[in-house]
Structure formats: C-alpha cells, structure tokens
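Please open the structure in your viewer and keep the sequence alongside. The tour proceeds by successive selections, each followed by a description of what is found there.

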Amino acid sequence: MSIFIHQDNRFEQSEITSRECPHCGAHAQLLPVATPSFEALNGYRPRHVGIGFRCAACAEPRFTRVAVRAYEDSHIELSSNLVEIERGRERFQFSYLPPAVERIFREALQCYTAGCHNAFASMCRRTVQTSLADMGANAKLRWHDLFREVVAIGDLDDSVVRTLESVLFGTDDAMPEIQAGEAAVLIEAIKDMVYQCYIRTAKLRAALKMRRYFAEEQANKITSIDRRAVRAESA
Ligand SMILES: [Zn+2]
C-alpha cells in the first residue's frame, strides 16, 4: 500500500489509518487536512515529507513524517508508514496526588514520553523521595513493600530488580544507567506503586464512606417503616 500525491495535488490514500490518539486516547482515524503540493515536492525532491492529519474523535492535529518512494511524472509515491511526531502521553490520575508529588511525578512521566530514560530514572527516585518526605515515618517500609509486590507479581529478573531497587531507593549519589527495556519495566512499576500509595487508598476510603452512608440511610428508613407499622397495628 502506498500514498500518492497526484499532479493535480489530489491526495490518495487507499487505506485510512486508525491509531490511538495522544490527545484523547481514542483509537480513531487519521483524516488528512494538510497534504504537500505536487509542485513543491517536485521542486525540492526531499526524501521525507510532512503530512498533517486530524483526529476523527477529538479533531486535534496529528503530525506525521513519511518517506518518499518515487518521483514520477504524473504522481509522487509515498510510503504508507506514517511516523507520528508527537508521542502518546502517559496517562495518570494526578489529581489524587499531593501537589509536591504530582509536580515531580508529572515530569518523570514526561521524561519517559520523550525517550530520556536516565532522566526518567532520576525523576523516579525524586518521586519516591518526595513521597517519603510527604508521608512521614512508615513511608519507607510501605514503598519497599510496594516494590516487592511489583517484583513478585511481575516475576522480574534478579538483575532488573537490583537495578530498579538502586534507582528507586539508592542512598548514595551513584545512579545506575538504565536501558530502554529497564525503563519500560520501571514505568509500569512506578505507576503501580504511586497508584497503590495514593489512589487506591483515596478511592477505597471514599467507597467505604459511601457504603456506610447508604447502609445507615437504609437502616433508618427500615426502622421508620417498622415504627409506622407498629403504630397502625396498635391503632
Ligand atoms: Zn483524538
């Protein structure tokens, strides 16, 4: 499959591409809105061209780079492999986090999105340190427990565990250098740990409060009906 730019600037794409949108998260079609002109491309003959699409779900722009396959007299043939310039952002329910933890953790996830894996690792350590300062006395034990839980569930290799442990809890200034594979494990681990630490707690507390409230409400209603029934019987 190829994409064609015809001599009259007509844009021909035999198959419309659908992908997860970095803006809205929907698996939506990419609809072409800004396509290069035949004349301009023929004049400069670049090896790659840019095409602007619009997300069919949220209408935000999606910028792509595409390789040129051939310059012909009647058309220009482009590869159908659209390389997106903007990467999908890591999603997280930041609103549950204390402001200081949120600021650092947001940057950590941005580093990962940008492909800066060692900057990401450093920000993960800062996320843990900020959380420890925020949570007080038992926080260190809690974070270590969360890490061990991730290791057990993920059945992680010893060498990966050692690296991630020293990234997250290392006390000296030495920070191990991490590779893409370790960063991929670290992103899932840190998201789960921050989730367990703050979001699970907040959600569970809110759910319990709600259940108790409705249970009490229900109990009160039942009592009042019973009283009425007793009164009706005795009348
Ligand atoms: Zn979208």
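Begin by selecting Ile 5 and Phe 11, for Phe 11 in β2 is the bridge partner of Ile 5. The model on display is a predicted one.

Extend the selection to the two strands concerned. β1 (residues 2-6) and β2 (residues 11-13) run antiparallel and are joined by three bridges. Together they form a hairpin with four residues between the strands. Within that turn, select Asn 9, whose phi is positive at about 70 degrees.

Next, display the side chains of β1. Which of them are buried? Ile 3 and Ile 5 are, and they point to one face; Ser 2, Phe 4 and His 6 point to the other face and are not buried. Alternation of side chains between the two faces of the sheet is what a regular strand shows.

Now add β7 (residues 75-79), which pairs with β1 in the antiparallel sense over five bridges. Select Phe 4 and then Glu 77, its bridge partner in β7. Keep Glu 77 highlighted and select Ala 70, since Glu 77 in β7 is also the bridge partner of Ala 70. This leads to β6, which is joined to β7 by three bridges and runs antiparallel to it. The hairpin between β6 and β7 passes through three residues.

Follow β6 (residues 61-71) to its pairing with β5 (residues 48-55), an antiparallel one over seven bridges. Select Arg 54 together with Pro 61, its bridge partner in β6. The hairpin of β5 and β6 has five residues between the strands, and Ala 59 in the turn has a positive phi of about 70 degrees. β6 also pairs antiparallel with β8 (residues 83-84), over two bridges. There, select Thr 64 and its bridge partner in β8, Glu 84.

Zoom out and colour the two domains separately: domain 1 covers 2-84 and domain 2 covers 94-211. Their C-alpha centres lie 39 Å apart.

Finally, select helix α3 (residues 117-135) and helix α5 (residues 158-169). How do their axes meet? The axes come within 7 Å and cross at roughly 55 degrees, which means that α3 is oblique to α5. On α3, show Ala 121, Cys 124, Arg 125 and Val 128; on α5, show Val 167, Leu 168 and Phe 169, as these residues make the contact. By class, six residues of this contact are nonpolar, none is polar and one is charged.

Terms used: Residues are numbered from 1 along each chain as its sequence is written. This is a predicted model: local features need pLDDT of at least 70, side-chain atom pairs count only at pLDDT 80 or more; totals for chains, interfaces and linings use all residues. Axes are lines fitted to C-alpha atoms, for helices over the stretch in contact, and angles run from 0 to 180 degrees between N-to-C directions. Angles under 35 degrees count as roughly parallel, over 145 as roughly antiparallel, 65 to 115 as roughly perpendicular and the rest as oblique. Two residues are in contact if their C-beta atoms, placed from the backbone, lie within 7 Å. Ala, Val, Leu, Ile, Met, Phe, Trp, Tyr, Cys and Pro count as nonpolar, Asp, Glu, Lys and Arg as charged, and the others, Gly among them, as polar. Domain bounds come from an automatic or database domain assignment. A residue is buried if 20 or more other C-beta atoms lie within 10 Å of its own, exposed if 12 or fewer, and partly exposed in between; C-beta atoms are placed from the backbone. Two strands pair if DSSP finds at least two bridges between them.
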